[in-house]
Amino acid sequence: MSQRLPKRHRTHQLEAESVLEIQNAIPSTWVYRTPEYDYGIDGEVEIFDDEGIATGNKFLVQLKATDQEKLSKALKLRLRIETKIKIINRTPTNLTAP
C-alpha cells in the first residue's frame with residue numbers, strides 16, 4: 001500500500017506568487033515584511049530613500065491572489081508606487097486606479 005503525500009493547494013501557491021509580485025513591484029531599496037500573525041494584514045512595506053536611508057514611512061498591505069487572467073476583473077484598486085508615496089506623505093492625490 002502506498003502512502004499519499006501531502007498536496008500543496010493552489011491557494012497556497014497563489015499566496016506565495018502574490019508576495020513575489022509585490023516584492024518585485026516595489027523599489028529594491030524598500031523592504032517588504034510578512035507579519036508572524038495574519039489578521040487581515042499580509043505585509044508591511046518600509047520605505048527607504050534612493051541612498052538606502054530609512055524615511056520612517058511604512059504602509060500595510062493586504063494581498064489578494066487569483067487565477068483570473070483578466071486584470072480588470074481581478075483588481076479592486078491598483079495604486080502606482082508614486083501614489084502610495086503621496087498617500088504616505090499625506091500629499092493630496094487622486095486615488096483612482098491607473
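R10 and D67 form a salt bridge in this predicted model. Their closest N and O atoms are 2.6 Å apart. R10 lies in helix α1, while D67 lies in the loop between β3 and α2 (71-74), so the pair ties together parts that are 57 residues apart in sequence.

How exposed are the two partners? R10 is partly exposed, with a relative accessible area of 33%. D67 is also partly exposed, at 46% relative accessibility.

R10 has another partner. Its side chain meets that of E17 in a salt bridge, with N to O at 3.3 Å. E17 counts as partly exposed, at 39% relative accessibility.

**Salt bridges**

How many salt bridges does a search of the whole structure find? It finds five. The table sets out three of them.

| Salt bridge | N to O distance |
|---|---|
| R10 and D67 | 2.6 Å |
| R10 and E17 | 3.3 Å |
| K58 and E44 | 4.0 Å |

The K58 and E44 pair sits in the strands. K58 forms its salt bridge with E44 at 4.0 Å. This pair links distant parts of the chain: K58 is in strand β3, E44 is in strand β2, and they are 14 residues apart. K58 is partly exposed at 45% relative accessibility. E44 is partly exposed too, with a relative accessible area of 22%. Salt bridges that share partners join R33, E44, E46 and K58 into one network.

**The overall plan**

Now step back to the whole chain. It has three helices and three strands. Starting at the N terminus, the elements run α-β-β-β-α-α. The chain holds 98 residues, and buried residues make up 19% of them.

Contacts along the chain can also be sorted by sequence distance. Take the contacts between residues at least 6 apart in sequence. Of these, 24% join residues at least 24 apart.

**The sheet**

Strands of a sheet pair through backbone hydrogen bonds, either parallel or antiparallel. Which kind of pairing appears here, and in what order do the strands stand? The three strands form an open sheet in the order β1-β2-β3, with antiparallel pairing. β1 and β3 (54-61) stand at the edges. Each has a single partner strand, so one side of each is left without a neighbour in the sheet. From one strand to the next, the twist averages 20°.

β2 and β3 run antiparallel and are joined by five bridges. Two places show how these strands line up. V45 stands opposite F59 in β3. G43 has V61 in β3 as its bridge partner.

β2 and β3 also make a hairpin, with five residues between the strands. There, G52 takes a positive phi near 85°.

Another glycine, G56, lies in strand β3. Is G56 buried or exposed? G56 is exposed, with a relative accessible area of 60%. G56 and E46 are ten residues apart along the chain, and their C-alpha atoms are separated by 7.4 Å.

**The core**

In soluble globular proteins, nonpolar side chains tend to be buried together. Which residues build the largest nonpolar core of this model? There are ten: V19, I22, I26, W30, Y32, V45, I47, F59, V61 and L63. α1 (10-25), β2 and β3 each supply at least two residues of this core.

V19 shows how core members meet across the sequence. Leaving aside neighbours within four places in sequence, V19 is in contact with Y32 and L63. Y32 and L63 are both on the list of core residues. So are V45 and F59, the residues that face each other across β2 and β3.

**A charged residue inside**

Last comes D42. Where does D42 sit? D42 is in the loop between β1 (31-33) and β2 (43-48). This residue is buried yet has no salt bridge. Which side chain of opposite charge is nearest to D42? That is K64, 5.9 Å away. A salt bridge needs nitrogen and oxygen within 4 Å, so a distance of 5.9 Å falls outside that limit.

D42 still has contacts beyond its neighbours within four places in sequence. They are Y32, R33, T34, P35, V61, Q62 and L63. Among them, Y32, V61 and L63 belong to the largest nonpolar core. R33, another contact of D42, belongs to the salt-bridge network with E44, E46 and K58.

How values were computed: Residues numbered from 1 in each chain as written. Predicted model: local features only at pLDDT ≥ 70, side-chain atom pairs only at ≥ 80, totals over all residues. Heavy atoms only, no water. Helix = DSSP H or I, 4+ residues; strand = E, 2+ residues; numbered from the N terminus. Buried < 20%, exposed > 50% of the residue type's maximum accessible area, 1.4 Å probe, protein only. Lys, Arg positive; Asp, Glu negative; His and termini not counted. Contact = heavy atoms within 4.5 Å. Pairing = 2+ DSSP bridges. Axes fitted to C-alpha atoms, helices over the stretch in contact; angles between N-to-C directions. Core = buried A, V, L, I, M, F, W, Y, C linked by side-chain atoms within 4.5 Å.
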